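The exercises below go with the sequence and model shown here. Work through each task before reading its solution.

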Amino acid sequence: MSRPVVYLTRRLPAAAMAILEAACTVTLWDETERPVPREVLLRGVAGAEGLLSLLTDRVDAELLAAAPRLRVVANMAVGYDNIDVPACSARGILVTNTPGVLTETTADLAWALLLAAARRIVEGQKLIEAGGWGPWHPLQLVGVDVHGATLGVVGAGRIGAAVLRRGRGFAMRLCYHNRHPTPALEAETGARYLPFDELLQTSDFVVVTVPLSAETRGMFGAREFALMRETAVFVNVARGPVVREADLVAALHAGRPRAAGLDVFEHEPIGPAHPLLALANCVCVPHIGSATVATRTRMATLAAENLVATLSGQPPLNPVNAPPPAPSQG
Ligand code: DGY
């Protein structure tokens, strides 16, 4: 039996390559760091039945038109805002993602940013590096307390819930906002559901974990930052466009919220001249929420398993859509 042809937009960890190579004819952009140029990708998918994509690969009408045999797009990410899912569904193409395996790792990073912004960790390191550490003094680099404060999580999916659970270890009051209240989460963590504005007004720490959608794009702007407490710390580990970045820059300049920790940006990657980097009260890292060896390996193997399952007629583990069967080609 002929093996399905798949195209990978990057070389993946060996464990994922082994899964794919055992079942498919693998073609790929054979680099680990540099993204595949668009024209190479469009040529690469021409004969492919499966595509393994990263969150930086745009899977849109143009790509689908260049890929007449495509049956499945397996995204190596939990977010899939890089994929035009309705267009895939209309073509009978299944889309899969990698939920679950990155939950705890991403929640850890949200907490790393929360703590770093609250306790001015990066500012402290920069001060020492610049030779500015003079005699100890009472108000040097004073931050805000995390323990006992109010943690408000916006988006109570898997990652949001994991962020809340960690708050219990810091004896925090927990609240969340979601499209709908989640009684199971409340029973497990003691978190309280709050309307969006009330959460912003009462939280000492606002952590965003919502997926990017038409509904959440631009969800945090000047109005929302003005509602936050002057002492609040804002953390985004979701997607950059959930925040109106120019408004955040202005808000941080004005000191409300007091500080921010960001893993994601409106237009990634950002360069050293980005205005957020000029702000001492903003901690920025380059979209590394899921970046541990174990988690990235698991994401890659899960994406590979989704691709192989679909192409061999098995139900995929993590379908995002339920497209009708593709029209027969004969
Ligand atoms: C995802 O999976 O969507 C993350 O942003 C990448 O770790």
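**Exercise 1.** About how much space lies in the largest cavity? Describe its lining as well.

Solution. The coordinates to work from are those of a predicted model.

Step 1. A search of the whole structure for cavities of 30 Å³ or more returns 1.

Step 2. The space in the largest cavity comes to about 40 Å³.

Step 3. Its lining consists of Asn236, Gly240, Val243, Glu245, Leu248, Leu262, Val264, Phe265 and Leu276.

Step 4. Sorted by class, the lining residues give 6 nonpolar, 2 polar and 1 charged.

**Exercise 2.** Which residues are around the ligand, and what share of the ligand's area does the protein bury?

Solution. Step 1. Around the ligand are Leu55, Ala77, Val78, Gly79, Leu102, Arg239, His287, Ser290 and Met299.

Step 2. This shell divides into 5 nonpolar residues, 3 polar ones and 1 charged one.

Step 3. Look for polar atoms close enough to oxygen atoms of the ligand, with 3.5 Å as the cut-off for a polar contact. Val78 contributes a backbone N or O atom at 2.7 Å from a ligand oxygen. In Arg239 the N or O atom belongs to the side chain, and its distance to an oxygen atom of the ligand is 2.7 Å. Ser290 places a polar side-chain atom 2.4 Å from an oxygen atom of the ligand.

Step 4. The ligand taken alone exposes 230 Å², and the protein buries 92% of this area.

**Exercise 3.** How many disulfides does the structure hold? Examine Cys24 and Cys282 in turn.

Solution. Step 1. The count of disulfides is 0.

Step 2. For Cys24, the nearest cysteine sulfur is that of Cys88, 18 Å away, and Cys24 is in no disulfide. Cys24 has a relative accessibility of 2%, so this residue counts as buried.

Step 3. For Cys282, the closest cysteine sulfur is in Cys284, at 3.7 Å, which is too far for a bond. The cut-off applied to a pair of cysteine sulfur atoms is 2.5 Å.

Step 4. Cys282 is also buried, its relative accessible area being 9%.

Notes
Residues numbered from 1 in each chain as written. Predicted model: local features only at pLDDT ≥ 70, side-chain atom pairs only at ≥ 80, totals over all residues. Heavy atoms only, no water. Buried < 20%, exposed > 50% of the residue type's maximum accessible area, 1.4 Å probe, protein only. Near = heavy atom within 4 Å. Polar contact = N/O pair within 3.5 Å; in protein donor to acceptor, adjacent residues only side chain to side chain. Areas by Shrake-Rupley, 256 points an atom, 1.4 Å probe, with all protein chains shown as cover. Nonpolar A, V, L, I, M, F, W, Y, C, P; charged D, E, K, R; others polar. 1 Å grid on protein atoms, 1.4 Å probe; cavity = no way out; pocket = protein on both sides within 12 Å on 5 of 7 lines; lining within 4 Å. Points joined across faces, edges and corners; volume = space filled by probe spheres on them.
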